[in-house]
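Q: I am new to this structure and would like a close look at a single part of it, followed by how that part fits into the rest. Please take me through it step by step.

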Amino acid sequence: MKLINFLKNLTTFDMKKLSLSIALVFMTTLNIFAQSEIDMATGLRSSGKIYVVVLVMLVLFLGIAGYLFILDRKITRLEKKQNQK
Amino acid sequence: MRKSWWKILAVVLISLVIIAGLLGPVPALFLLHETIRNIYFHVPMWFAMLFLYTISVIYSIKYLNTGKQEYDLMAVEAVNTGITFCFMGLATGMLWANITWGEAWPNDPKLNGSAIATLMYLAYLVLRNALEEEQKRAKISAVYNIFAFPIMIVLLYILPKLTDSLHPGSGGNSAFSNLDMNNQLRPVFYTAVIGWILIGTWMFTLRYRLRIIEQKQNEIN
């Protein structure tokens, strides 16, 4: 995206846009520089083990959500009981 | 089950965020690496907190207008739930700061502002416990809450923007620019924000309903 923006900016000769495109060049080169060094967890994902962690987190969250649902039901029951009195 | 569709929606949304947030594509950013995924989990805590504090201040104003005790209970339970999200936001923020800024709590305007705002809302809860008489307690704490809210906004969202801060969304470090909030992150991020706001609202309604039951119980005895 940044590259396309930069190319678009190149075609105009507005001074303001020129300085902007210079800034963009600087940013894109920085990004390219950075991208070559940044370690992302690609290996972890390709070996498939990350899915186990996702499942574990899902189970935990759904457990907590289920707990909230049960709490909700209990409170509803209490409210009904109280309103009958 | 008719009334609980939004609770189910909340659970579905957060489940989607856990799946897409961990497996989906993220931009490779300098220093942040995979920790950029924290944006799906750390930032929504603060959105949920802000939402609950807004509910609280609305009901404080309503209380002062009408004098209905339920509104006062709503205001206090919204703060109780909001402060839980605030502490979760602080804890996750400290973990993230430790890895990116090298320190869990660097001396930064955004962080110190959030600490003061947290203390302000803790003071609200302490103030309530200190007052015995019910009507007086409700009135004084409603006024306090109305004053605390704008100060919290200034401390968290305005003052850090006026100075230099490490935290994104502050001066010279914008959060929603194309640079660090690109279109890969946006859909999952907004899903997370809506999901956590709904979960927060759910927790708040549960607390409020318990409070009402307690109230009625006391009236009977």
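Is A:Leu60 buried or exposed, and how many other C-beta atoms lie within 10 Å?

A: This is a predicted model, and what follows should be read with that in mind. A:Leu60 is exposed, because 11 other C-beta atoms lie within 10 Å of its own, and a residue counts as exposed when that number is 12 or fewer. The residue lies in helix α4 of chain A. From A:Leu60 to A:Glu79 there are 19 residues in sequence, and the two C-alpha atoms are 29 Å apart in space.

The chain around this residue comes next. Chain A has four helices and zero strands, so that, read from the N terminus on, its elements run α-α-α-α. Of its 85 residues, 0% count as buried.

Helix α4 of chain A also has a part in the meeting of the two chains. In that meeting, 21 residues of chain A are in contact with 17 residues of chain B. On the side of chain A that touches chain B, α2 (15-37) and α4 (50-84) each supply at least two residues, and the largest share, 15 residues, comes from α4(A). Sorted by class, this side of chain A has 16 nonpolar, two polar and three charged residues.

The partner, chain B, has six helices and zero strands, and its elements run α-α-α-α-α-α from the N terminus on. Along its principal axes, the C-alpha trace of chain B spans about 60 × 45 × 25 Å. A compact globule of 221 residues would have a radius of gyration near 17 Å, and chain B, with 19 Å, agrees with this. Of the 221 residues of chain B, 34% count as buried. Among the contacts in chain B between residues at least 6 apart in sequence, 73% join residues at least 24 apart.

Two helices of chain B can be followed in detail. Helix α3 (residues 69-100) and helix α4 (residues 109-130) of chain B have axes that come within 11 Å and cross at roughly 150 degrees, and the crossing in which α3(B) passes α4(B) is left-handed. From α3(B), the contact is made by B:Val76, B:Val79, B:Ile83, B:Cys86 and B:Leu90, while α4(B) brings B:Ser114, B:Thr118, B:Tyr121, B:Tyr124, B:Leu125 and B:Arg128. By class, this contact has eight nonpolar, two polar and one charged residues. An α-helix has 3.6 residues a turn, so residues three or four places apart point the same way.

The lengths of the two helices can be checked as well. For the 32 residues of α3(B), a rise of 1.5 Å a residue should give a span of 46 Å, and the end C-alpha atoms are indeed 46 Å apart, which agrees. Just after α3(B), B:Gly102 takes a positive phi of about 80 degrees. Helix α4(B), with 22 residues, reaches 31 Å from its first C-alpha to its last, close to the 32 Å expected at 1.5 Å a residue.

Within α4(B), the buried residues are B:Lys110, B:Leu111, B:Gly113, B:Ser114, B:Ala117, B:Tyr121 and B:Tyr124. What covers them includes α3 and α5 (134-162) of chain B. To return to the starting point, A:Leu60 is exposed, and it lies in helix α4 of chain A.

Notes:
Residues are numbered from 1 along each chain as its sequence is written. Chains are lettered from A and ligands numbered from 1 in the order in which they are written. This is a predicted model: local features need pLDDT of at least 70, side-chain atom pairs count only at pLDDT 80 or more; totals for chains, interfaces and linings use all residues. Two residues are in contact if their C-beta atoms, placed from the backbone, lie within 7 Å. Ala, Val, Leu, Ile, Met, Phe, Trp, Tyr, Cys and Pro count as nonpolar, Asp, Glu, Lys and Arg as charged, and the others, Gly among them, as polar. The radius of gyration is taken over C-alpha atoms; the globule rule is 2.2 Å times the number of residues to the power 0.38. A residue is buried if 20 or more other C-beta atoms lie within 10 Å of its own, exposed if 12 or fewer, and partly exposed in between; C-beta atoms are placed from the backbone. Axes are lines fitted to C-alpha atoms, for helices over the stretch in contact, and angles run from 0 to 180 degrees between N-to-C directions. A crossing is left-handed if the near helix is turned anticlockwise from the far one by less than a right angle, and right-handed if clockwise. The expected span of a helix is 1.5 Å times one less than its number of residues.
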